[in-house]
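Q: Please take me slowly through one part of this model, beginning with a single helix and then moving to what surrounds it. I would like the terms explained as they come up.

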Amino acid sequence: MKHRLCVIGYGGMGGWHVEHALKSDVVELAGIWDIKPERRELARSRGIHVYGSLEEVLADPTVELCTIATPNDVHKPLAIACMEAGKNVISEKPVTLCVDDLKEMIAVSERTGKLFTVHQNRRWDVDFLAVKDLYQTKALGEIYSVESRIHGSRGIPSDWRGLKEYGGGMLYDWGIHLIDQMLQIYANEKIVSIYCEFDNVTTDVVDDGFRLTIGFDNGARGYIEVATCNFIAMPRFYVLGKKGSAIIRDWRENCNVVICDYWHEGEVIPVQTAAGLTKTMAPRDEITTHSYECARPVSDVHDYYRNICATLEGKATQIVTHEQMVRVLTVIELAFKSAEEGKIILDKPL
Ligand code: NAD
């Protein structure tokens, strides 16, 4: 039996959920609801059932699951209305804008017994999975630094993402994905410090980029950089362990690893710099190291909906838990605080 889904908000991401539902082996599309007449008209022209109002969605007993793909500021009221009407809810990310609001939403989920989760679909990204695998297998020895970067070159999109009242800005937009990934990589470590700086290159209204350093209690750090005004992009991931280094240059590229097999070298050949020779910064030879390319992780993002449906059938538990949602949003809140106050936030371990 397929679970009937209504997509609320038929914009860019709502369109993705609709496309997914039309091909899915676990959900079927009941229809969509969007406040904009032109989006409803577009859906109709594509043969999609369009509800006449949110109330009509909520009153349809055949709708079991609602996916909310609206701008960030209205996730909370829509999610609560859906759960109160007996619907299970997937919210697009960020699930909402502050931890207190999220706790209210979780309380409604617990009271109504309805599933409530967030679409952290980038847990299925192969670049992230390759780094998570390096961490878990200790292939680089103990990892002490993970740098996760994404660099665009067109500024922040000119839609609601550039406006504060809609929950715009890159920390909420891409930050939430990369923070969620980082906390999945350092899954067993507690956060002990947070430092964040914002970029305002193309707008002063919201952050159009940020640099966030998360310190963990084992001494390791996660560095996240999102930027939208870079005409030369830095590598997607750069990872340092005590025995090796790894790099993923681009979303589409595999992970490349260099392992140091013998710490002590025979003869170090110096490299020439502008001001003279250096041995300290000379790369290692191929006698003391070996390198390889990691196999591409196997991943299917459609497993997200498969997990939701298995959870509804009592055969699984939701992959993105309430606890994880609160932790990620707490990091976002502390990152805003750090950027505003211009200092490292050292809170109790998180
Ligand atoms: P969008 O502007 O393209 O679409 C939003 C749609 O929501 C619009 O059609 C708008 O009319 C509609 N809408 C606004 N308020 C509404 C309401 N109260 N009821 C019903 N419809 C309403 O935005 P988007 O790029 O599709 O982003 C939507 C959400 O998806 C955001 O939360 C965003 O962060 C998220 N998103 C997630 C991913 C991902 O990879 N998980 C990617 C892109 C966007």
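**Helix H5 and its surroundings**

A: Helix H5 is followed by glycine 113, whose phi is positive, near 75°. Helices here are DSSP runs of H or I with at least four residues, strands are runs of E with at least two, and both are numbered from the N terminus. The model is predicted, so local features need pLDDT of at least 70 and side-chain atom pairs count only at pLDDT 80 or more, while totals for chains, interfaces and linings use all residues. Residues are numbered from 1 along each chain as its sequence is written, and side-chain values use heavy atoms, with hydrogens and water left out.

H5 covers residues 99-112, and at 1.5 Å a residue its 14 residues should span 20 Å, which agrees with the 20 Å between its end C-alpha atoms. The expected span is 1.5 Å times one less than the number of residues. Its buried residues are Val99, Leu102, Met105, Ile106, Val108 and Ser109, where buried means under 20% relative accessible area, exposed means over 50% and partly exposed lies in between, with a 1.4 Å probe and protein chains only. An α-helix has 3.6 residues a turn, so residues three or four places apart point the same way. The buried residues of H5 pack against helix H4 (75-84), strand S5 and helix H9 (322-341), with contact meaning heavy atoms within 4.5 Å.

Strand S5 leads from the helix to a sheet. Five strands form this open sheet in the order S2-S1-S3-S4-S5, with parallel pairing, and two strands pair if DSSP finds at least two bridges between them. Strand S2 (27-33) and strand S5 (116-118) are the edge strands, each of which pairs on one side only. From one strand to the next, the twist averages 25°. Between strand S1 (residues 3-8) and S2 there are six bridges in the parallel sense, and isoleucine 32 in S2 is the bridge partner of valine 7. Helix H8 (residues 303-312) lies across S1, S2, strand S3 (65-68), strand S4 (88-91) and S5, and runs at about 160° to S4; axes are lines fitted to C-alpha atoms, for helices over the stretch in contact, and angles run from 0 to 180 degrees between N-to-C directions.

The ligand can be described next. Of the 24 residues around the ligand, Met13, Asp34, Asn72, Lys93 and Arg161 come nearest, where a residue is near if one of its heavy atoms lies within 4 Å. A polar side-chain atom of asparagine 72 lies 2.6 Å from an oxygen atom of the ligand, and a polar backbone atom of glycine 12 is 2.9 Å from an oxygen atom of the ligand. A polar contact is a pair of N or O atoms within 3.5 Å; within protein, one must be able to donate a hydrogen and the other to accept it, and residues adjacent in sequence count only if both atoms are side-chain atoms. Isoleucine 35 has a backbone N or O atom 3.4 Å from a nitrogen atom of the ligand.

A second helix, H6 (residues 126-137), can be read in the way H5 was. Its twelve residues should span 16 Å, and its end C-alpha atoms are indeed 16 Å apart. Among its buried residues are Phe128, Leu129, Val131 and Leu134, and the partners they pack against include strand S6 (143-151) and helix H7 (170-185). After H6 comes lysine 138, whose phi is positive, near 60°.
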